[in-house]
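Trainee: Could you take me on a close look at the part of the protein that faces the RNA? I would like to see how that surface is built, and then how it fits into the rest of the chain.

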Amino acid sequence: MLDLRQIREDPDRVRASQRARGESVDVVDQLLAADESRRSSLSEFERLRAEQKSLGKLIPQASGDEKQALLAKTRELSAAVKAAEAAAAEVQQRLDELSLVPSNIVLDGVPAGGEDDYVVLREVGGKPALNTVRDHLELGEGLRAIDTERGAKVSGARFYFLTGVGAQLELGILNLALSTAVEAGFTPVITPTLVRPEVMRGTGFLGAHADEVYRLEADDLYLVGTSEVPLAGYHADEIVDLSDGPLRYAGWSACYRREAGSYGKDTRGIIRVHQFQKVEMFSYCRQEDAVDEHARLLGWEEQMLAAIEVPYRVIDVAAGDLGSSAARKFDCEAWLPSQSRWLELTSTSNCTTFQARRLGVRERADGGTRPVATLNGTLGTTRWIVAILENHQLPDGSVRVPEALRAYLGGREVLEPVTR
RNA sequence: GGAGGCGUCGCCUAGUCCGGUCUAUGGCGCCCGCCUGCUAAGCGGGUUGAGGGCUCAAACCCUCUCGCGGGUUCAAAUCCCGCCGCCUCCGCCA
């Protein structure tokens, strides 16, 4: 949700942002019109209501004819107040609906265009020179680490079992991520993975990508696709204190995604799955600190990527490929030797005040309150196994373990195929 | 699943039976001022949030806000209905 006052004062800024995303520009004028009629109908209601209240106060003291006259008068007013209130509520509802339409205003510097118009900010690390390339599933099956066949048998396509060193590898990645976060001052949090509709809506996930989200019809709850959702809801409707710096949380949770509309895409292995685990950074900070905080989140992501020793690049995602809540987004993509392409491992978004406004997260500021900024970023997921296996594979199908993860794999330096 | 209780402006709390200066009481905490070698105590004042009007801005004024949503009424914290949350007991499952 955007600030109505800002739309009123600088509608061109919002129009330009909508245009850069390839989304509706007309909604700005619809919003302005709805706001105008809301304010006039509200004034009318308030005027009538004030009159009703002041007359109502005279009634207990009045008596006889005077009282009867007052009662007759207030009866009339009562009906008028009700009508005015209903009219105001109707206009308010239209405004509320419209308010949810515009996406966040993109920040200056964000590349215009769609999915392919990202800008590469840097490339870090050299791609491995491999004579024979096995993909992560072949490697994972050899190590008895990944079992997609039984995943499909038990749960269907895009489900999997992680076994043995596969299970350990996932926990290693997540634990390393959590330790990194705690060292950086984050509060570790294990979150609910089922949330109420308001929370899901507040984080902006029920917009264009609503069909990506699992919904439990019988209980009217949603399964989260990331712990960003419960962490954003954590301080909903609260006035938070940011005087000691940002509130930083590292959420550990399972994540569920329907992957509707991605049929035939990444069908092999565990690149694109319905359920995985993730450690996610989430930060509440002052509006003016958001850009710096975003850079810090990106820094911690890169620290993790350095620790698992895979080549990666950082891209500045184009306006048309941002989620509705994000004003800017940086993705880190690891090299995927089996496909000679880049694969997204992390994503960090600056949502400025967009989510906080919907969720009612504010801070005290001279004389009143104002919305805070929220940011999020990935610190480790199940998918990282893919990049680790492929980039650290050895000619015989075994896999070198990056030093930072060895402690989580019983000190092993190399994972070897299981022959049996 | 069954029965009962509770939800008031940061926290605690009065008010709800019996509708009307409730413009929500008092305490704690916090903020400002006074007083005082300093601190504490004491004294005085302020302290929910949202929206709107006026304004360069503020002061100020108005409306809404007693878990949420409806209803009754000239008038609802108070009466009625529905929902949500929390607590206790019973049952059930670990």
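Mentor: Let's start with helix H3, which gives eleven residues to the surface near RNA strand B, the largest share of it. Keep in mind as we go that this is a predicted model. Around RNA strand B there are 24 residues, and those that come nearest are Arg38, Arg49, Arg75, Arg364 and Thr369. Now turn to the RNA side: of the atoms of RNA strand B that come within 4 Å of the protein, 73% belong to sugar and phosphate.

What kinds of residues make up this surface near RNA strand B? Eleven are charged, six are polar and seven are nonpolar.

Next, zoom in on single atoms. In Arg49, a polar side-chain atom sits 2.2 Å from a phosphate oxygen of RNA strand B. Thr369 also places a polar side-chain atom 2.2 Å from a phosphate oxygen of the strand. For Thr74, the partner is a sugar or linking oxygen of RNA strand B, with an N or O atom of the Thr74 side chain 3.4 Å away. Stepping back to whole elements, two or more residues of the surface near RNA strand B come from each of helix H1 (4-9), helix H3 (27-58), helix H4 (64-99) and strand S14 (362-365).

Helix H4 deserves a visit of its own. Val81 is one of its residues, and Val81 counts as buried because its relative accessible area is 5%, below the 20% cut-off. Beyond residues up to four places away in sequence, Val81 touches Phe45, Leu48, Arg49 and Gln52. You have met Arg49 already: its side chain has a polar atom 2.2 Å from a phosphate oxygen of RNA strand B. Another pair to look at is Val81 and Arg47, which are 34 residues apart in sequence, while their C-alpha atoms are 9.1 Å apart in space.

There is also a database note for this region. An unreviewed UniProt entry annotates residues 74-101 as "coiled-coil region". In the model, that span is 93% helix and 0% strand, and its end C-alpha atoms lie 41 Å apart.

Now for the wider setting. Chain A is divided into domain 1, residues 4-99, and domain 2, residues 115-415. The C-alpha centres of the two domains are 43 Å apart. The chain as a whole has 13 helices and 18 strands, and its C-alpha atoms fill a box of roughly 105 × 45 × 45 Å along the principal axes. Chain A has 420 residues, of which 49% count as buried. Among its contacts with a separation of 6 or more, 72% are between residues 24 or more positions apart.

A few spots further along the chain are worth a stop. In helix H6 (residues 148-154) you will find Gly151, which is buried, with a relative accessible area of 2%. Setting aside residues up to four places away in sequence, Gly151 touches Gly156, Phe159, Tyr160 and Phe161.

Glu259 lies in the loop between strand S9 (247-256) and strand S10 (275-285). Is Glu259 buried or exposed? Glu259 is buried, since its relative accessible area is 11%. Apart from neighbours within four places in sequence, Glu259 is in contact with Arg158, Glu212, Arg272, Val273 and His274.

Helix H12 (residues 384-391) takes burial further along a whole element: eight of its eight residues are buried, so the helix is largely enclosed by the rest of the structure. Among those buried residues are Trp384, Ile388, Glu390 and Asn391.

Finally, compare two loop residues. Asp237, between helix H9 (228-234) and strand S8 (239-240), has a phi near 60 degrees, a positive value in a residue other than glycine. Asp237 counts as exposed, because its relative accessibility is 63%. Glu309 sits in the loop between helix H10 (290-307) and strand S11 (312-316). Its phi is near 55 degrees, again a positive value in a residue other than glycine. With a relative accessible area of 34%, Glu309 is partly exposed.

Methods. Residues numbered from 1 in each chain as written. Chains lettered and ligands numbered in written order. Predicted model: local features only at pLDDT ≥ 70, side-chain atom pairs only at ≥ 80, totals over all residues. Heavy atoms only, no water. Near = heavy atom within 4 Å. Polar contact = N/O pair within 3.5 Å; in protein donor to acceptor, adjacent residues only side chain to side chain. Helix = DSSP H or I, 4+ residues; strand = E, 2+ residues; numbered from the N terminus. Nonpolar A, V, L, I, M, F, W, Y, C, P; charged D, E, K, R; others polar. UniProt positions renumbered as here; feature names shortened; annotations may be inferred. Buried < 20%, exposed > 50% of the residue type's maximum accessible area, 1.4 Å probe, protein only. Contact = heavy atoms within 4.5 Å. Domains from an automatic or database assignment.
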